[in-house]
Amino acid sequence: KLLQEGVPSSVRYLVWAHLADSRSKRVDKIYDQLGKRERVAASPIIERDVQQYIVGHPGVQEQSLNNLLQAYLIMVPDVQYTRGLTGIAGCLLQLSPEEDAFWTFISLMDTHIRPYFSSNAIQLEVDAVLFGKAAEAHDSIAAKRVFVDLAIHPVQLCRSW
């Protein structure tokens with residue numbers, strides 16, 4: 001029945017939390033403590049991006065999204081804020097209570113995608129080169145137009161994702 005109908009939305013965040021193993025990352029009272037710290041330097045940009053995000057996602061609370069991003073960036077200072085973090089955190093907040101979303105976010109970042117957002121984004125550079133090669137193999141004319149004629153480096157395209 002679950003395969004046909006999908007996981008009910010009321011428990012979907014529990015499945016995400018389990019699959020991401022967020023319980024192993026969770027430390028009591030840390031989220032509250034992070035929320036009491038001084039805001040990060042990127043706060044004005046974060047607030048602007050959050051306001052733009054919630055326009056298309058009315059189920060997400062602006063303050064919760066701000067809180068989650070601020071707490072994460074305070075906790076992990078080597079990560080540089082980009083708009084992509086807002087989209088990831090926002091999706092989790094559509095499914096989960098704020099603190100649960102935070103710990104799932106931590107787990108997803110640590111396990112899978114943190115290298116793309118760290119100040120040393122070597123993984124992003126490597127994957128952008130692979131993306132460029134795949135684009136050239138799939139559609140050499142479009143790749144030439146974008147990468148050569150328009151002089152857009154693949155990392156410029158990948159960074160916004």
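Does D21 count as buried, partly exposed or exposed, and at what relative accessibility? At 43% relative accessibility, D21 counts as partly exposed, because the value falls neither under 20%, where a residue would be buried, nor over 50%, where a residue would be exposed. The structure in which D21 is found is a predicted model, and the sections below describe this model, beginning with the chain and then turning to its helices, its cores and a few single residues.

## The chain as a whole

The secondary structure of the chain comes to 10 helices and 0 strands, so that, read from the N terminus on, the elements run α-α-α-α-α-α-α-α-α-α. Taken along the principal axes, the box that the C-alpha atoms fill is roughly 50 × 45 × 30 Å.

Of the 161 residues, 34% count as buried, while the surface that the chain exposes comes to about 10100 Å², with carbon and sulfur atoms supplying 56% of it. When contacts between residues at least 6 apart in sequence are considered, 68% of them join residues at least 24 apart. The chain carries 16 positive and 18 negative charges, and the mean positions of these two groups are 1 Å apart.

## Helix α5 and what covers it

Helix α5 is made up of 14 residues, running through residues 62–75, and at 1.5 Å a residue it should span 20 Å. The C-alpha atoms at its ends are indeed 20 Å apart, which agrees with that expected span.

Because 10 of the 14 residues of α5 are buried, this helix is largely enclosed by the rest of the structure. The buried residues include S64, L65, N66, L68 and L69, and Q70, A71, Y72, L73 and I74 are buried as well. Among the elements that cover the buried residues of α5 are α3 (30–35) and α4 (43–56), together with α6 (83–95) and α7 (98–117).

## The nonpolar cores

Which residues touch the most other members of the largest nonpolar core? They are Y72, L85 and F102, in a core that holds 31 residues. The elements that give two or more residues to this core are α3, α4, α5, α6 and α7, and among them α7 gives the most, with 8 residues.

One of these core residues, F102, can be followed in closer detail: leaving aside its neighbours within four places in sequence, F102 is in contact with Y31, L34, L68, A71, Y72 and M75. Apart from the largest core lies another core, of 5 residues, and its members include A121, A128, V155 and C158.

## A buried and an exposed residue

D49 lies in helix α4, and at 4% relative accessibility it counts as buried, because this value is under 20%. When its neighbours within four places in sequence are left aside, D49 is in contact with Y81, R83 and T86. D49 and G87 are 38 residues apart in sequence, and their C-alpha atoms are 9.3 Å apart in space.

H138, by contrast, is found in helix α8, which covers residues 122–138, and with a relative accessible area of 72% H138 is exposed. H138 and I88 are 50 residues apart in sequence, and from C-alpha to C-alpha they are 28 Å apart in space.

## Two loop residues with positive phi

Most residues other than glycine have a negative phi. Against that background, D21, whose place is in the loop between α2 (9–20) and α3, has a phi near 60°, a positive value in a residue other than glycine. This is the residue with which the report began, and its relative accessibility of 43% makes it partly exposed.

A151 also has a positive phi, near 55°, and is likewise a residue other than glycine. A151 lies in the loop between α9 (140–149) and α10 (154–159), and because its relative accessible area of 58% is over 50%, A151 is exposed.

Methods:
Residues are numbered from 1 along each chain as its sequence is written. This is a predicted model: local features need pLDDT of at least 70, side-chain atom pairs count only at pLDDT 80 or more; totals for chains, interfaces and linings use all residues. Side-chain values use heavy atoms; hydrogens and water are left out. Helices (H or I, at least four residues) and strands (E, at least two) are DSSP runs, numbered from the N terminus. Buried means under 20% relative accessible area, exposed over 50%, partly exposed in between (1.4 Å probe, protein chains only). Contact means heavy atoms within 4.5 Å. Accessible areas come from the Shrake-Rupley method with a 1.4 Å probe; for residues, only the protein chains shown count as cover. Lys and Arg count as positive and Asp and Glu as negative; His and the chain ends are not counted. The place of a charge is taken as NZ of Lys, CZ of Arg, CG of Asp or CD of Glu. The expected span of a helix is 1.5 Å times one less than its number of residues. A nonpolar core is a set of buried Ala, Val, Leu, Ile, Met, Phe, Trp, Tyr and Cys residues joined through side-chain atoms within 4.5 Å.
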